[in-house]
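Please open the model in your viewer and keep the selection panel at hand. The tour below moves from one selection to the next and says what is there.

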Amino acid sequence: MESRRSSSSEPSGSRNGRLLLSVVVPCFNEEEVICDTSLRLAAVLAHAPVNSEIIYVDDGSSDSTPELLRQFQQSDEHVRVVRFSRNFGHQMAITAGLEHAAGDAVVIIDADLQDPPEVILEFVAKWMDGYDVVYGVRSEREGETAFKLWTAKAFYRCMAGLSDTRIPLDTGDFRLMSRRVVNALLGMPERDRFVRGMVSWLGFSQIGISYHREARTAGTTKFSFFKMLRFAMDGIFSFSVLPLRIATWIGFAASGIAVLGIVIAVIERLLGVHGLVKGWTSILIAVLFIGGVQLICMGIIGEYVGRTYGESKRRPLYVLRERIGFEVREGRSPERRQTRIGAIKG
């Protein structure tokens, strides 16, 4: 679906009259690969038909990643560094990067080089054609276990069935967004963030580009099974109320089975028939079944209540330790809601 870029997405002024592209790179303990990432990004952006800046967001790393990022900034004025006071999570790091990006378009890419930086040039070409969102579609995925591939495939199919928001299959956060999409996204300060779903919900003109996802060049993944499970739950509970309806249906089904059991017991009593349902075993099974259903339903309701409680506290999504390299910008600053979304310490 093609469209022309509207006046709301035109640049507000850029160096040399050229558009500015911001590249946001979330980082967490990436000392083994971050140097290679920096070199490849610099090489790719040197061939881009736009000006560029790279914003590294350090998500509370405990290794030498912060020192390396500081060195990158000292050697390149187009590099910016945002450091969190602690680990706030991948989606919060993306949000902070978007908050600090000044570009007419913003690219999100992880630091592990599984998403090849060279695809960014294809993203930019589609953006120049008028698309507001250009997302990467993983046609192949190297270096990942069969279990992870299967669970990822199952998750996206599950989301397609549960949510009214159409989220493209086999996509991640690797994407380009125009300035008007970024501004609209920053106007959604919810805490349980599922960025790829939020971008899909916004609409605008979107297109996918297939690419070959590579294996990690170094280091290990920071997404454990439980982190992936939590991330999947954020996606499901943030974009669907169907689990609540399922809980209601399960409750009705359990009640129906219980009523049926009562009817059978009464008929047996009236007819003097014994032997179909009797003894403590049947009672124990019925109690455990009903109790299990109740706990499941309470757990689903609790997830939604807990998220509502988290939103009601209105805490900032992240706290910054420091910002490096932003003073070199020449009169460009994006519209931000820093008092609501992020907070700077000190």
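Start by selecting Val25, which touches Leu41, Ile54, Ile55, Tyr56, Val57, Ile109, Asp110 and Ala111 when residues up to four places away in sequence are not counted; contact here means heavy atoms within 4.5 Å. This is a predicted model, in which local features need pLDDT of at least 70 and side-chain atom pairs count only at pLDDT 80 or more, while totals for chains, interfaces and linings use all residues. Residues are numbered from 1 along each chain as its sequence is written, and side-chain values use heavy atoms, with hydrogens and water left out.

Next, add Leu21, Val23, Tyr56, Ile120 and Leu176 to the selection, since these residues and Val25 have the most contacts inside the largest nonpolar core, which has 35 residues. Such a core is a set of buried Ala, Val, Leu, Ile, Met, Phe, Trp, Tyr and Cys residues joined through side-chain atoms within 4.5 Å, where buried means under 20% relative accessible area, exposed over 50% and partly exposed in between (1.4 Å probe, protein chains only). Helix H4 (residues 119–128) supplies the largest share of this core, namely five residues; helices (H or I, at least four residues) and strands (E, at least two) are DSSP runs, numbered from the N terminus. A second, separate core of 31 residues includes Val57, Val133, Val182 and Met198.

From that second core, select Val182, found in helix H6 (residues 179–186). Is Val182 buried or exposed? Val182 is buried, because its relative accessible area is 0%. Among residues beyond four places away in sequence, Val182 touches Leu98, Val106 and Met177, and its C-alpha atom is separated by 8.0 Å from that of Ala105, 77 residues apart along the chain.

Leu98 leads to helix H3 (residues 90–100), whose buried residues include Leu98, His90, Gln91, Glu99 and His100; eleven of the eleven residues of H3 are buried.

For a contrast, select Leu270 in helix H9 (residues 242–271), which is exposed, with a relative accessible area of 72%.

Finally, show the whole protein, which has eleven helices and nine strands. Buried residues make up 47% of its 346 residues, and of the contacts with a separation of 6 or more, 85% are accounted for by residues 24 or more positions apart.
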